[in-house]
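Welcome to this guided tour. Please open your viewer, keep the selection tool at hand, and follow along stop by stop.

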Amino acid sequence: MSRPRWLILVPLLVVAAGLGSVSAGAGDDPGPPAMAVVGAAPLVTADAGPVDDPFPIARVRVMEAQLAGALKQFDPGAAVRLPRDEFELRVRKAGVVAAGARLAPRLVEAKYTATLSDANLTGVAEWVILNPGPQPAVLPLDPLRIALRAPTWADGSGAVVGTFGAGFPAGPGVWVPAPGRQSLKTKWSAAGNGGAGERQFEVRLPSCPGAVLDLDLPADRTPVTAAADVILTGPFPVAGDDKRRTWRFRFGDRARLEFGVRGPGDGGTEPALAALAARYDLTPGQTACAFEYDLRPGRGPVGEWAFTLSPGL
């Protein structure tokens, strides 16, 4: 895949030539001075004010005759020659992007509660948002795929959630009206699929390092998940109601939480949850396939698995 000529990848090295001239006697003119710069790939944005480098950059001033030796010192691989002004402009643009990313709002805590109601989930989400910048900004919520209702800030004012158009991050977002730490609470719901015996849910949420879902279920219902990096604990008693139990999912930075809810008697003839890794080796006239399953029963240990294959396989 081709990439722009100005792209710098560590440890590639960009050379900016034509920085000036020096006086020397005829015949021993070493040529104009040059600059060797080591760094990673700059991104493009514009800004007129002074901006810090987006990453550590070593600027080494050498003469043209010394350039080959300087390049060997940094082991740059491929090199692109640029005028210094153009290089510094691109570095500045990359610095603007890096500074903007540091000042962008982010979700630092996310707690979700949900109750199984009419085979679907309804509950409340509580988000703690940090806006390090001095101005209002939009927090992107992609890949959000749950229905939100009546979002409010801690002071009771309504929160604006939606798509903000050109000049803002694509996809859904929430307008963070002030700098600092903010708390937002909203009602949410998600539809499931499958029969009443086992209901399946796929909940897509904005990424957050500390994401937790507390699930309130009837005592005869059990949640199951096939994700190895999701921690499921429970059941825990519900105060004042011995017919219900709560379960807790801890799913960290995952933006998608998939789980099932099983009813009484499920797990014998119902399919187990499985994670599949498939490999296909294609050669002329032949296809070799390998399938690796991580199978998890709904409840209890399993010593043997039986597979029913399609007759036409």
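**First stop: a hairpin**

Begin with Gly-240, which takes a positive phi near 80° in the hairpin of strand 15 and strand 16, where two residues lie between the strands. Helices (H or I, at least four residues) and strands (E, at least two) are DSSP runs, numbered from the N terminus. Two strands pair if DSSP finds at least two bridges between them.

Before you go on, please note that this is a predicted model, in which local features need pLDDT of at least 70 and side-chain atom pairs count only at pLDDT 80 or more, while totals for chains, interfaces and linings use all residues. Residues are numbered from 1 along each chain as its sequence is written, and side-chain values use heavy atoms, with hydrogens and water left out.

Now select residues 231–238, which are strand 15, together with strand 16: the two pair in the antiparallel sense over six bridges. Click on Val-238 and you can look for its bridge partner, Asp-241, in strand 16. While you are in strand 15, find Pro-235. The peptide bond that leads from Gly-234 to Pro-235 is cis, with omega near 5°.

**Second stop: across the sheet**

Which strand is joined to strand 16 by seven bridges? Select residues 211–218 and residues 241–250: these are strand 13 and strand 16, and they run antiparallel. Here Asp-216 has Thr-246 of strand 16 as its bridge partner.

Next, widen the selection to the whole open sheet, made of seven strands in the order 8-11-6-5-13-16-15, with mixed pairing. Strands of a sheet pair through backbone hydrogen bonds, either parallel or antiparallel. At the edges you find strand 8 (147–153) and strand 15, each of which pairs on one side only. On average, neighbouring strands of this sheet are turned by 20° against each other, direction ignored; the axes are lines fitted to C-alpha atoms, for helices over the stretch in contact, and angles run from 0 to 180 degrees between N-to-C directions.

Zoom in on strand 8 and pick Ala-150. Ala-150 has a positive phi of about 55°, although it is not a glycine. Then move to the loop between strand 7 (137–140) and strand 8, where Pro-143 is found. The peptide bond from Asp-142 to Pro-143 is cis, with omega near 5°.

**Third stop: the nonpolar cores**

Show side chains for Tyr-112, Leu-121, Trp-127, Trp-188, Leu-213, Phe-251 and Phe-259: of the 36 residues in the largest nonpolar core, these touch the most other members. A nonpolar core is a set of buried Ala, Val, Leu, Ile, Met, Phe, Trp, Tyr and Cys residues joined through side-chain atoms within 4.5 Å. Buried means under 20% relative accessible area, exposed over 50%, and partly exposed in between (1.4 Å probe, protein chains only). The elements that give two or more residues to this core include strand 5 (106–117), strand 6 (120–131) and strand 11 (180–190). Strand 5 provides the largest share, five residues.

Apart from this core lies another, of five residues, among them Ile-57, Leu-82, Phe-87 and Val-91. In soluble globular proteins, nonpolar side chains tend to be buried together.

Now centre on Leu-213. Leaving aside neighbours within four places in sequence, its contacts (heavy atoms within 4.5 Å) include Tyr-112, Trp-188, Trp-247 and Phe-259.

**Fourth stop: a helix with two sides**

Select residues 67–74, which form helix 1, and colour Leu-67, Ala-70 and Leu-71, which are buried. Seen down the axis, the buried residues of helix 1 fall within an arc of 100°, so they line one face of the helix; the arc is that of the directions from the helix axis to the C-beta atoms. Turn to the face away from the buried side, and there are the exposed residues Lys-72 and Gln-73.

**Last stop: a loop and two cysteines**

Go to the loop between strand 17 and strand 18 (273–283) and select Pro-264. Is Pro-264 buried or exposed? Pro-264 counts as exposed, because its relative accessibility is 55%. Add Gly-197 to the selection: the two are 67 residues apart in sequence and 7.8 Å apart in space, C-alpha to C-alpha.

Finally, compare two cysteines. Cys-208 counts as buried because its relative accessibility is 0%, while Cys-289, at 43%, counts as partly exposed.
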